[in-house]
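Trainee: I'm new to this one. Could you take me through a single part of it up close?

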Amino acid sequence: MGVMWILVVEDEPLIADAIKMGLEAEGFAVDHTDRGDDGLYRAETNDYDAIILDLMLPGMNGYKVCQTLRENGNTTPILMLTAKDGAFDEAEGLDTGADDYLTKPFNWVVLLARLRAIIRRGGSGATAAPVELRADDLVLNPTTHEVSRGGVPIELTPREFSLLQYLLHRKGEVVSKRDLLDHVWGEPDADDPNVTQVYAGYLRRKVDEPFGTKTIQTVRGVGYRVVETGRQ
Ligand code: CA
């Protein structure tokens, strides 16, 4: 079994950092976001081994994230975190499809044990494989991180890959630069919309220009849009 990949959705920075550092020290690979809606997006577009999900989150609460994932057939094991004084209802939490829950403040050893238990129970291969994202003959595989057009492999940097993944996920929609900064960059200091322009340029030079296509379109003053032309 390879390295376990865990998504941590937690908006309290100290707790998030502690979980992240603890998991990394145990040999897990960790992805973190502090927003519920972004957590949902990441969970839907990546193949995590488990998700540690806080209940009260900006963007979308943990119940809703969990419920939406399950409704969409995603079976990734979920450990829900709840505040002791909160109005958390255990039954409701497990109802939405969480595999287990843990009350804050929690003991680290307990969290690790619970996490390992839900991963074991979930079993390998139990998680729904994320679907390939496509626009015409441009294909992105979220699991293998491979991108190709018309069968020709395209090498992307991790940032270019994330940008393309997000644009494909929202195919047909105009995606604002602000949205891209939030979802693809995600760092509090990523405030310069010009950075999206630079990376959209890099991406075009790899996925469009060599093929004579115009999949990634600029919507002046707003952002970008992935469009299909029917080319296969
Ligand atoms: Ca919270």
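Mentor: Sure. One definition to start with: a residue is called buried when its relative accessible area is under 20%, and exposed when that area is over 50%. Keep in mind, too, that this is a predicted model.

Now go to the calcium ion. Asp11 (OD), Asp54 (OD) and Met56 (O) coordinate the calcium ion, at 2.1 to 2.3 Å. Along the sequence, those donor residues follow the spacing D-x42-D-x1-M. Let's apply the cut-offs to two of the donors. Aspartate 54 has 2% relative accessibility, so it counts as buried. Methionine 56 has 62%, so it counts as exposed.

While you're here, have a look at the aromatic rings as well. The count comes to three aromatic pairs. One of them joins tyrosine 41 and tyrosine 166: the ring centres are 4.9 Å apart and the planes sit at 90 degrees, so this pair is edge-to-face. Tyrosine 41 belongs to helix H2 (residues 36–45) and tyrosine 166 to helix H6 (residues 158–169), so the pair ties together parts that are 125 residues apart in sequence. Tyrosine 41 and tyrosine 166 are both buried.

Then there's tyrosine 199 with tyrosine 202: their ring centres lie 5.1 Å apart with the planes at 80 degrees, so that pair is edge-to-face. Here both residues are in helix H8 (residues 194–207), three residues apart, which is about one turn of the helix. Tyrosine 199 is partly exposed, at a relative accessible area of 22%, and tyrosine 202 is partly exposed too, at 33%.

Key
Residues are numbered from 1 along each chain as its sequence is written. This is a predicted model: local features need pLDDT of at least 70, side-chain atom pairs count only at pLDDT 80 or more; totals for chains, interfaces and linings use all residues. Side-chain values use heavy atoms; hydrogens and water are left out. Donors are N, O and S atoms within 2.8 Å of the metal (3.2 Å for Na, K and Ca); water is not among the atoms, so sites may look incomplete. Buried means under 20% relative accessible area, exposed over 50%, partly exposed in between (1.4 Å probe, protein chains only). Rings of Phe, Tyr and Trp (its six-membered ring) pair if their centres lie within 6.5 Å; planes under 30 degrees apart count as stacked, over 60 as edge-to-face and the rest as tilted. Helices (H or I, at least four residues) and strands (E, at least two) are DSSP runs, numbered from the N terminus.
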